[in-house]
Structures are given as structure tokens and as C-alpha cells.
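Reader: I am new to protein structures, and I would love a close look at one part of this one. Could you pick a single spot and then walk me outwards from there?

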Amino acid sequence: MSLLFEEIDSQASDLGEISLRRRRIPALGDRDIYEVKLGDEFLMSSMFVDAEEALATLGLASVTGDKLNVVVGGLGLGYTAVAALKDERINKLLVVDALDTVIGWHKDELVPLGKILNADARAHYVLGSFFELATDVNAGLNPNGKDEKLDAILLDIDHSPTEFLNTANASFYTTENLSLMAEQLKPDGVFAMWSQNLPEKHFEELLKTVFDSVDSHVISFFNPFQNSETTNSVYVCIKAET
């Protein structure tokens, strides 16, 4: 049986101290819960992964075709990436994260899903800023270059379109920069994004300045700490065919 609490690793980063923790709460069953903290702020927990998995399933459900090349922005604990790999159409999955510490946790299999990602030849870790690569007019998100278009981009980094992990990320949420990202998608390609909040009307309107179709999905799941339902949302956008 594991310890009731263990800090597995803690490292300095450009955003502050980032730590990986494992805990067990007897009242919630016989399982380990993995958590990531940035400074004093909780970033993610393996207790609440429904919306992260829905980001992949809802996003890929809107993608047509086979042999899909997909980017996941934000590795986290790996739940979006692993959910995406369940789609047999995936040819290549690029998981972009700015923190080498987080990628290292997966490569070293300090987190449970690292083993799954490492064993799947379709999955590739990319160390870099998603936001810089998404708006780079020369390089782009695909290491093979912007000429190799993507079928889908699945984004889970900021808390919401108005609450940022890093204040520098705010500049991404504009028509200009979303358009630069959308240029890396194939015609009818999909951009999907997670948010901890309910759908925000002003952000839906912003997305419609770039994408032909914008749908918002509310994901509900039980929060045992609050003994009530909690909601996140997933935006799914389809690029207009040109």
C-alpha cells in the first residue's frame, strides 16, 4: 500500500516551483491520486479527468478522414493524449509542453499514463511553448514544418480563455493569433479547447471570427469534496474549407 501522501518530485520552472504529488484518501477508495501543483496553486488532479478526456473524444469526433496528425497542447497528467490515442485513426500525436519537467515525469514513468504514451509509437513529446509555435509564421507546431497540415489541435493549458496559467498567454486569444494557428489546420480541420468554466459567449463570438463552426459542450462530473456536480466546458471549432 502506498503512503497516504508523497511528494514524488519538485523542480523549479520559468513559471515557478512545479511539483508532482501522490496521495490516497481512504474515504474515496483504494487508489492513488496524482496531483500537480505550480507554487501554491493546484493545476490538475487524476480525480477529475472527464473533461480532459472529453476534449479528445469530442474534438476527434468532429474530424473526418484517416491517418490523422494531431497536436495536443499541454501534456498535464496525460489524460487528453491517452484518450486521443484510443482513436485508431491517429497516425501521429504530437504532445507539446513548455515544461521539460512534466515531459520528464512521463518519460521516466513517474505518472501512471507515462507508460502508455511511451509504448505507443504514434505519440511524440515536443518541448516548446504551444502559444509560440501556434503563431509562428515559419516553424509551427509540426516539427516537419507548416506545409504538413494538421487534422486537429486539442488545447488544454490555461484555466479558461480569460484566466491564464501565464499572463503572457492572453495575447493568443485574438482573431489574429487564432487565425495563425488555424492556418496550420487542413481544410475542415478541428480546433478544440478545454475550459474550467461554463461556455463564455464573448469567446464563442471571437472563435466565430476564425472558424466556420463553433460548438460548446458542458461536461459534468461528480466532485466528492463538494458532494455535488462540477462543470467544465469544451469548445469544438471546425475550420472553413477553402
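Is Val96 buried or exposed, and what is its relative accessible area?

Author: Happy to help! Please keep in mind that this is a predicted model, in which local features need pLDDT of at least 70 and side-chain atom pairs count only at pLDDT 80 or more, while totals for chains, interfaces and linings use all residues. Residues are numbered from 1 along each chain as its sequence is written, and side-chain values use heavy atoms, with hydrogens and water left out.

Now to your residue. Val96 counts as buried because its relative accessible area is 1%; buried means under 20%, exposed over 50%, and partly exposed in between, with a 1.4 Å probe and protein chains only. Val96 belongs to strand β6, which covers residues 90-97. Helices (H or I, at least four residues) and strands (E, at least two) are DSSP runs numbered from the N terminus.

Who surrounds Val96? Setting aside residues up to four places away in sequence, Val96 touches Val71, Val72, Gly73, Gly74, Leu75, Val126, Gly128, Ser129, Phe130, Leu133 and Leu141. Contact here means heavy atoms within 4.5 Å. Val72 is 24 residues from Val96 along the chain, and their C-alpha atoms are separated by 6.2 Å.

Let us follow one of those contacts. Ser129 sits in the loop between β7 (123-127) and α5. Ser129 is partly exposed, because its relative accessible area is 22%. Beyond its neighbours within four places in sequence, Ser129 is in contact with Val96 and Ala98. From Ser129 to Gly74 is 55 residues in sequence, but 9.2 Å in space, C-alpha to C-alpha.

Next, helix α3. Strand β6 is one of the elements that the buried residues of α3 pack against, along with β1 (5-11), β2 (18-23), β3 (33-38), α4 (114-119) and β7. Those buried residues are Thr101, Val102, Ile103, Trp105 and His106. Take Thr101, which lies in α3, residues 100-107. Its relative accessible area is 12%, so Thr101 is buried. Apart from residues up to four places away in sequence, Thr101 touches Asp9, Gln11, Ala12 and Ile18. After α3 comes Glu109, whose phi is positive, near 60°.

Now for the nonpolar cores. A nonpolar core is a set of buried Ala, Val, Leu, Ile, Met, Phe, Trp, Tyr and Cys residues joined through side-chain atoms within 4.5 Å. The largest core has 42 residues, and Val70, Leu93 and Leu154 touch the most other members. Helix α2 (residues 79-85) gives the most to this core, with six residues. Val70, leaving aside its neighbours within four places in sequence, is in contact with Leu60, Ile90, Lys92, Leu93, Leu94, Ala152 and Leu154. Another core, of 28 residues, lies apart from that one, and its members include Leu133, Leu150, Phe191 and Val214. You have met Leu133 already, as one of the residues that Val96 touches.

Helix α6 (residues 175-182) has its own buried residues: Asn177, Leu178, Leu180, Met181 and Ala182. They pack against α5 (130-134), β8 (150-155), β9 (185-195) and α7 (201-208).

For contrast, look at the loop between β2 and β3, where Asp30 has its place. Asp30 counts as exposed because its relative accessibility is 67%. Leu28 is found in the loop between β2 and β3 too, and at 27% relative accessibility Leu28 counts as partly exposed. Not counting residues up to four places away in sequence, Leu28 touches Met47, Pro224 and Phe225. The C-alpha atoms of Leu28 and Met47 are separated by 9.9 Å, with their positions 19 residues apart along the chain.

Finally, let us step back to the whole protein. It has seven helices and 11 strands, and buried residues make up 51% of its 242 residues. Its radius of gyration is 17 Å, which agrees with the value near 18 Å for a compact globule of 242 residues; this radius is taken over C-alpha atoms, and the globule rule is 2.2 Å times the number of residues to the power 0.38. Among contacts between residues at least 6 apart in sequence, 61% join residues at least 24 apart. Val96 and Val72, which are in contact, are 24 residues apart along the chain.
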